[in-house]
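Student: Could you take me through one part of this model in detail? I would like to look closely at the strands and at the helices around them.

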2 protein chains.
Amino acid sequence: MTALHTSRVAALFPPGRLTLREVGLRDGLQLVRRFPDTDAKRQWLMHEHAAGVRVFEIGSFLPARGFPQFADVGDMVAAVKALPGARAAALTLNERGAEDALRTGVDEMIFVLSATEGHSQANTRRSRGEALALLARIAAMRDAAGPDAPVLTAGIAMAFGCSIEGEVDAGEVLRLAEACARAGADVIALADTVGYAGPREVAALASALPRSVGDIPLAMHFHDTRGLAIANAAAALNEGVRILDGSLGGLGGCPFAPGATGNVVFEDLVFLCETMGFDTGINIEALADARRIVARAMPDETLYGALARSGLPKTAAWRVSRVPA
Amino acid sequence: MTALHTSRVAALFPPGRLTLREVGLRDGLQLVRRFPDTDAKRQWLMHEHAAGVRVFEIGSFLPARGFPQFADVGDMVAAVKALPGARAAALTLNERGAEDALRTGVDEMIFVLSATEGHSQANTRRSRGEALALLARIAAMRDAAGPDAPVLTAGIAMAFGCSIEGEVDAGEVLRLAEACARAGADVIALADTVGYAGPREVAALASALPRSVGDIPLAMHFHDTRGLAIANAAAALNEGVRILDGSLGGLGGCPFAPGATGNVVFEDLVFLCETMGFDTGINIEALADARRIVARAMPDETLYGALARSGLPKTAAWRVSRVPA
């Protein structure tokens, strides 16, 4: 990884600055029975952009026959890049995907590996060691593409507990994160794929990670399976994590967590961040327009979220946290 | 307040020990169109007790014609007292209610006053000053009843923001809490009546309160109106608050927060506490039995909750928070 590329990473994820990544167009569509066509996706994207959202995970560089919902990933990257200040991220799970990613000019390639051997094999028929070697090869492709190559994020699935193996040792997650950084990842993301995390584990891992991986930007990805996603996000923010994922209406789920609700609800996550004193630049009320588009495009999906039900508080006080006298 | 009574307070709320108060049988029934009869309430109570719940808010000492759902408050106190280790709390909003409370032998009288003048007048046609004077008179009745008199809790509604007045100054809440303690309250409870709080304000008030009121037990009562209740509970626990309210399925709401969901979901609150290393003594899966009873008794009510939908994690790891190496 070159110094120029390092400065590109810092430009996309400036230390201390909050990034909220809207993953509905990827993680939210991973399992749906019906998915929006490219035009509806563009509408969804444009309405969220109009509300102030800037970072979008919009698909996956995978064979279109297995994942028809992501067949338009190239068009979606182009759609994001046409919007001022917007950035596109996409899953990039193998070398062929990385070739496509580099060709489209996506801003962030997200590679996923598993915290546990059991999930790694079940999900990808690959060991964690093989996944790390693949990550290193994708990192080499990124380096060969020059300083403007996409940022490469290593996402560690099941980082807080695994529905196949059960408990996940935090020390092992830290070692895996370190190995990802050595393999060339620019960003480390921990995912609570099946909603096993509580705020105490989140705080513990978030505070321990910098000792393992240095000042690499850290992301966290929470699912609200057991209702703790917002509390986990608050714990992550308290410990300095500044990249968080969410999806509009909490769309999305996981094949390994049957019956589970999806990602942390993006609208509620924005509200949390604002109450905690972060200026997200996102107009929560304007997100309702995007929500209506999604509801129309995917009538079978349940959209979650407290803000959408109750609206913002009457007062602007929630925007700036108050410190008692 | 006598030294003997002080030791009674400490016996009910030992410093550092977590108390989860199930308020569904009171706050959960405050606004419902149909409410369970006394037998169904007893079933609800007994099933929650069997799951390990020990502290129940079961009604309000108010005229039965205005609040028919609480006409059986005396029977409900008796029902709680018949269960081993169980304790009953009930709203006690005036002197006549306090007479009834003292006669029934309820364990905790909860008096409520408002953080803002506007809500105080709208809710009770009484100023905050008048409410404090009334609290002092109820405290005098408690003292006259001897050392075994109920614990008197002062609950401050709208403590984190008011749907009538908007922003609530945290310094004013602290002064009001101090005035409640001076008036004789044994426990101070802050309520986010309309769901305006975020975890940062909760942490700030929770850490500032002991400087205002000394080592009086502190309770917090969160509504999940905007999805932050569990995050707020986590923030309160992190700052040493050890008494938290919740209601089964999130039952309850507030006439000043139309369309709002109710209290923090009790099942999810228990799960949060367990992941944070507290031994609640409550079997979350057994709470599903109580939930079925409530669903049958109140078919018009929406029951919320993530745990009820997704079940517990497969692993027992969530019971004990792990600290990374």
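Tutor: Happy to; here is a walk from the strands to the helices and then to two loop residues. This is a predicted model, in which local features need pLDDT of at least 70 and side-chain atom pairs count only at pLDDT 80 or more, while totals for chains, interfaces and linings use all residues. Residues are numbered from 1 along each chain as its sequence is written, chains are lettered from A and ligands numbered from 1 in the order in which they are written, and side-chain values use heavy atoms, with hydrogens and water left out.

In chain B, 8 strands close into a barrel with parallel pairing, in the order β1-β2-β3-β4-β5-β6-β7-β8. On average, neighbouring strands of this sheet are turned by 25° against each other, direction ignored. Here strands (E, at least two residues) and helices (H or I, at least four) are DSSP runs numbered from the N terminus, and two strands pair if DSSP finds at least two bridges between them. Strand β1 (residues 19-22) and strand β8 (residues 243-246) of chain B run parallel and are joined by 4 bridges. Within this pair, Glu22(B) stands opposite Gly246(B) in β8(B).

Now to the helices on the sheet. Helix α3 (residues 73-81) of chain B lies across β2 (55-60) and β3 (87-91) of chain B, at about 165° to β2(B). Helix α7 (residues 170-183) of chain B touches β4 (108-114), β5 (151-157) and β6 (187-192) of chain B, and its direction makes about 160° with that of β5(B). Contact means heavy atoms within 4.5 Å; axes are lines fitted to C-alpha atoms, for helices over the stretch in contact, and angles run from 0 to 180 degrees between N-to-C directions.

In chain A, the axes of helix α7 (residues 170-183) and helix α8 (residues 199-213) come within 9 Å and cross at roughly 40°. That makes α7(A) oblique to α8(A), since angles under 35 degrees count as roughly parallel, over 145 as roughly antiparallel, 65 to 115 as roughly perpendicular and the rest as oblique. Among the residues that meet are Leu174(A) in α7(A) and Leu205(A) in α8(A).

Finally, two loop residues that are not glycines have positive phi. Met158(A), with phi of about 60°, lies in the loop between β5 (151-157) and α7 of chain A and is buried at 0% relative accessible area. Arg125(B), with phi of about 55°, lies between α5 (117-124) and α6 (128-144) of chain B and is exposed at 77%. Buried means under 20% relative accessible area, exposed over 50%, partly exposed in between (1.4 Å probe, protein chains only).
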